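Reader: I should like to learn how the features of a model such as this one are to be read. Please begin with a single residue and work outwards from there.

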Amino acid sequence: MIAGSSPLVKRQNGVAVLRRLRGVESMSFTELSESTRLSRPTIEDAVAELIDDGLVVAIAPEPASNRPVGRPAKRFAFRADAGLVVACELGVHELRLMLADLDGVVLARGGQGIDADLPAAGRLAAMTAAVSALLADHSRTPAEVWAIAVSTTGIVDANGTVVRSSRLADWAGTDIAGAFERMFPQAAASVGNDARCAALAEHWIGAGADLDASVTVLAGTTMAAAITIDGKPYLGRHGASGEIGGLPELGWPRAAAALREFASAGGVLDGGDDERSRAALAEFIEHFALGLITLVTVLDTPRLIIAGELAGVGDRLIGPLQERLDSACLFPVEVVASTLGTDVSVLGALRLALNDVDAWLFDTERARRPLAS
């Protein structure tokens, strides 16, 4: 890092310190100096400015009876409580919400059922009202929100607008990001497709955390896939990368239809091990496997992650899928079930919001952000 006293250099030094403090419990002046290779006076100046900005806090030393003899080193930590992030998952039948601090620690949850036939305007209004209610219920204010992100069904463009949706008739054209930007003008607003948000969660705290590339599939009565490259979901030109679910040649429409027929007759795959359940699962796998083989062969990824409704079926699904891929793929591909459960897409939205927080924190040209009172 370049030493100096210009505003830009000071900001760069502050960002260097923030990067070290973000995600760790605390650090001392000495540790910060060693890790950033900045001088002690430079570190002291940067920390002082970050404290003034409300981004860093000095940690009180432990009582003398609990620490070694001698003067304790001052320690400093990132202020995760300096703001809030909001994550939403807007499904066909359900809305899920998470309120978290700037480290992603979930502070509160919310949710409600939604009528699948609700028009787009009503669906958007229900989501914004639910976010307002979640904040009010926990005595938090809109001014505290730094970022909000939404996971939704459909293809979403880079501006946060739904450009196509096969599950919600009038959802295409809905400017979700714009609605939240008007509601929280000081906050960043992002929107992602539900499968890509699921993939983001898997690479954050799930089955893909140790990989740079993988395929994540939301499997159930509807099907969606996301491709992750270099730890990030790959969108493609129109945000439609991985959208093979509508291609009858690859079997997924028939696989989803088989599950819907089974479910409409009262069948339950998750936990069911009767003959009828086994037959329904076998039919699903027969039609499901071809699309999976196509995806992992084109991408040559080491792991396939099954998330969504069917992740909980376990080895009765994963085992046969592994056998099919072993027999068809040129190189081994590990098939695993997600452990993030029904939260997988809303957790991805949470990570999306945290990415926006990081982008602001580590922007060397950012303006000082006043703390909410």
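Author: This is a predicted model. Let us begin with Thr 153, which, apart from residues up to four places away in sequence, touches Leu 90, Val 92, Ser 165, Arg 167, Leu 168, Trp 171 and Asp 194.

Reader: Where does Thr 153 lie, and is Thr 153 buried or exposed?

Author: Thr 153 belongs to the loop between S7 and strand S8 (155–156). A residue is called buried when its relative accessible area is under 20%. Thr 153 counts as buried because its relative accessibility is 6%.

Reader: Which residues are the closest to the centre of the largest pocket, and what is the volume of that pocket?

Author: The volume of the largest pocket is about 1100 Å³. Its lining has 43 residues, and those closest to the centre are Thr 153, Arg 167, Asp 194, Leu 218 and Thr 222. Two of these, Arg 167 and Asp 194, are also among the contacts of Thr 153.

Reader: Which elements give two or more residues to this lining, and how is the lining divided by class?

Author: The elements are strand S4 (84–90), strand S5 (94–101), helix H7 (252–264) and helix H10 (344–361). H7 provides the largest share, 4 residues. By class, the lining holds 14 nonpolar, 19 polar and 10 charged residues.

Reader: How should the second largest pocket be described?

Author: The second largest pocket has a volume of about 550 Å³. Among its 25 lining residues, Leu 200, Pro 233, Leu 235, Leu 352 and Asn 355 are the closest to the centre. Two or more lining residues come from each of strand S10 (188–193), helix H6 (194–205), strand S13 (232–233) and H10. The classes here are 11 nonpolar, 9 polar and 5 charged residues.

Reader: H10 has been named for both pockets. What is in contact with Val 346, a residue of that helix?

Author: Leaving out neighbours within four places in sequence, Val 346 is in contact with Ala 87, Cys 88, Glu 89, Arg 96 and Met 98. Val 346 and Glu 89 are 257 residues apart along the chain, yet their C-alpha atoms are separated by 5.0 Å. Val 346 counts as buried because its relative accessibility is 1%.

Reader: How does one check the length of a helix, and which residues of H4 are buried?

Author: The check sets an expected span against the distance between the end C-alpha atoms. At 1.5 Å a residue, the 18 residues of helix H4 (residues 120–137) should span 26 Å, and the end C-alpha atoms are 25 Å apart, which agrees. As to burial, an α-helix has 3.6 residues a turn, so residues three or four places apart point the same way. In H4 the buried residues are Ala 120, Arg 123, Leu 124, Ala 126, Met 127, Thr 128, Ala 130, Val 131, Leu 134 and Leu 135. Their cover includes S4, S5, strand S6 (106–113), strand S7 (145–152) and helix H5 (176–183).

Reader: What does the same check give for H1, and what covers its buried residues?

Author: The 15 residues of helix H1 (residues 7–21) should span 21 Å at 1.5 Å a residue, and its end C-alpha atoms are 21 Å apart, which agrees. The buried residues of H1 include Val 9, Arg 11, Asn 13 and Leu 21. Included in what covers the buried residues of H1 are strand S1 (27–28), H2, H3, strand S2 (56–59), strand S3 (75–78) and H10.

Reader: How should a positive phi be read?

Author: Most residues other than glycine have a negative phi. Arg 37 is not a glycine but has a positive phi of about 65°. Arg 37 is placed in the loop between helix H2 (29–36) and helix H3 (40–52), and it is exposed, with a relative accessible area of 75%. Asp 300, also not a glycine, has a positive phi of about 55°. Asp 300 sits in the loop between helix H8 (275–299) and strand S14 (303–307), and it is exposed at 55% relative accessible area. Positive values also occur just after two helices: Ser 139 after H4, at about 55°, and Gly 23 after H1, at about 90°.

Reader: Finally, how many disulfides are there?

Author: A disulfide requires two cysteine sulfur atoms within 2.5 Å. The count is 0 disulfides. For Cys 197, the nearest cysteine sulfur is that of Cys 88, 11 Å away. Cys 197 is buried, with a relative accessible area of 2%, and Cys 329 counts as buried at 12% relative accessibility.

Methods: Residues are numbered from 1 along each chain as its sequence is written. This is a predicted model: local features need pLDDT of at least 70, side-chain atom pairs count only at pLDDT 80 or more; totals for chains, interfaces and linings use all residues. Side-chain values use heavy atoms; hydrogens and water are left out. On a 1 Å grid over the protein atoms alone, a cavity is a set of points where a 1.4 Å probe fits but cannot get out, and a pocket is an open set with protein on both sides within 12 Å along at least five of seven lines; lining residues have an atom within 4 Å of a point. Grid points are joined across faces, edges and corners, and a volume is the space filled by probe spheres set on the points. Ala, Val, Leu, Ile, Met, Phe, Trp, Tyr, Cys and Pro count as nonpolar, Asp, Glu, Lys and Arg as charged, and the others, Gly among them, as polar. The expected span of a helix is 1.5 Å times one less than its number of residues. Buried means under 20% relative accessible area, exposed over 50%, partly exposed in between (1.4 Å probe, protein chains only). Contact means heavy atoms within 4.5 Å.
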